[in-house]
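Here is a short tour of some local features you may want to look at before setting up your own calculations. Have the viewer open and follow along by residue number.

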Amino acid sequence: YAKYADAVSRVGVDVIELPPAKAREKYPQFVFGETEGVLVDRTAGLIAARDTISGLIDHLRTRSHLRDQTAVLAIDAESDPIRVTTNEDVVLAERVIVTAGPWVARLLPEASGGLRVARQTVGYIELEGDPLLSQLGRFPVWGHFGEEGSMSFYGLPEYGRPGIKVARHVIWNRSDDPDAIPKTPDPDAIEDLKAFVDAHFTLSIKRFVDTEFCHYTNTVTEDFILDHLPGNERLVVGAGFSGHGFKFGPVTGRILADLALDGHCELPEFVSARNRFRFKGGNDS
């Protein structure tokens, strides 16, 4: 707890520290049993991801040529211009930005070192008691930091679909195929989520509403990769977002566009962390 409190204070995040008793008054949905303390980020919020993406797509349709349902099969980064083979045709481009998520290593094997894909099982759970306690404004966006030195579980209030969102944050010791999605969730993963809710929530589970899968593409350090493909200034890669890519979309989009068009990015936040966001040698990418 102390190291997280120190980290957020050093970077100037608007966070207050609450002892467990005070945290239970503010958020009665949680037990806050063995914790040393609770950090409340007063800048935090919820982004409606589906609505945001839909709005961005509508915006792009009026300003660019957007190709839906078109699979990229291969990228020849050595050709000039770069050849992008799709299931429909071949596209030639002077500059290419690749943000292919868990498929980036398949399209660019030379960029695969150190990238690992971890499938996440996400649960949606209806709780007993007052339904308002599960709603946005009463129920926080939360993360639980466990003994592994990273966030172990996280969740969101009920929004846009029934049930609060609860998931384990899996980043290590996995190498999953993003195309081999199970037809049904792993019963052990479901029991894992239920056990966490039973142990850390004051409200009992009324019903397990639904599950879904998502994939993290992780680097060893959890740092992003925002860089030119090694030895190729014409192709830029955004990868390894370790489950955090969406919320950083505006700034990562700016960085990738600058790298592709200008060859460099002078955004202060990127400059200060540039060495962390670059391809590394060996298996430390």
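Asp80 is exposed in this predicted model, because its relative accessibility of 60% lies over the 50% cut-off. Its salt-bridge partner, Arg234, is buried at 19% relative accessibility, just as the under 20% limit requires. Asp80 also takes part in a cis peptide bond with Pro81, so this residue is a good place to begin.

**Around Asp80**
- The closest N and O atoms of Asp80 and Arg234 are 3.6 Å apart.
- Asp80 sits in the loop between β3 and β4, while Arg234 belongs to strand β13 (residues 232–239), so their salt bridge ties together parts that are 154 residues apart in sequence.
- The peptide bond that joins Asp80 to Pro81 is cis, with omega at about 5°.
- Pro81 is likewise placed in the loop between β3 (72–76) and β4 (82–86).

**Other salt bridges**
- Across the whole structure, a search finds 17 salt bridges.
- One of them pairs Asp14 with Arg42, whose closest N and O atoms are 3.0 Å apart.
- Asp14 lies in the loop between α1 (2–10) and β1 (15–18) and Arg42 in the loop between β2 and α3, so this pair links parts that are 28 residues apart in sequence.
- Asp14 is partly exposed at 34% relative accessibility, whereas Arg42 is exposed at 53%.
- Asp258 and Arg254 form a salt bridge too, with an N to O distance of 2.9 Å.
- Asp258 and Arg254 are about one helical turn apart, because 4 residues separate them in helix α6 (residues 249–262).
- Asp258 is buried, with a relative accessible area of 15%, and Arg254 is partly exposed, with 42%.
- Arg67, Glu88 and Asp89 are joined into one network by salt bridges that share partners.

**Positive phi outside glycine**
- Phe32 is not a glycine, yet its phi is positive, at about 50°.
- The loop between α2 (20–26) and β2 (38–41) holds Phe32, which counts as buried at 17% relative accessibility.
- Gln69 is another residue other than glycine with a positive phi, near 55°.
- Gln69 is located in the loop between α3 (49–61) and β3, and it counts as exposed, with a relative accessibility of 76%.

How values were computed
Residues are numbered from 1 along each chain as its sequence is written. This is a predicted model: local features need pLDDT of at least 70, side-chain atom pairs count only at pLDDT 80 or more; totals for chains, interfaces and linings use all residues. Side-chain values use heavy atoms; hydrogens and water are left out. Helices (H or I, at least four residues) and strands (E, at least two) are DSSP runs, numbered from the N terminus. Buried means under 20% relative accessible area, exposed over 50%, partly exposed in between (1.4 Å probe, protein chains only). A salt bridge is a side-chain nitrogen of Lys or Arg within 4 Å of a carboxyl oxygen of Asp or Glu.
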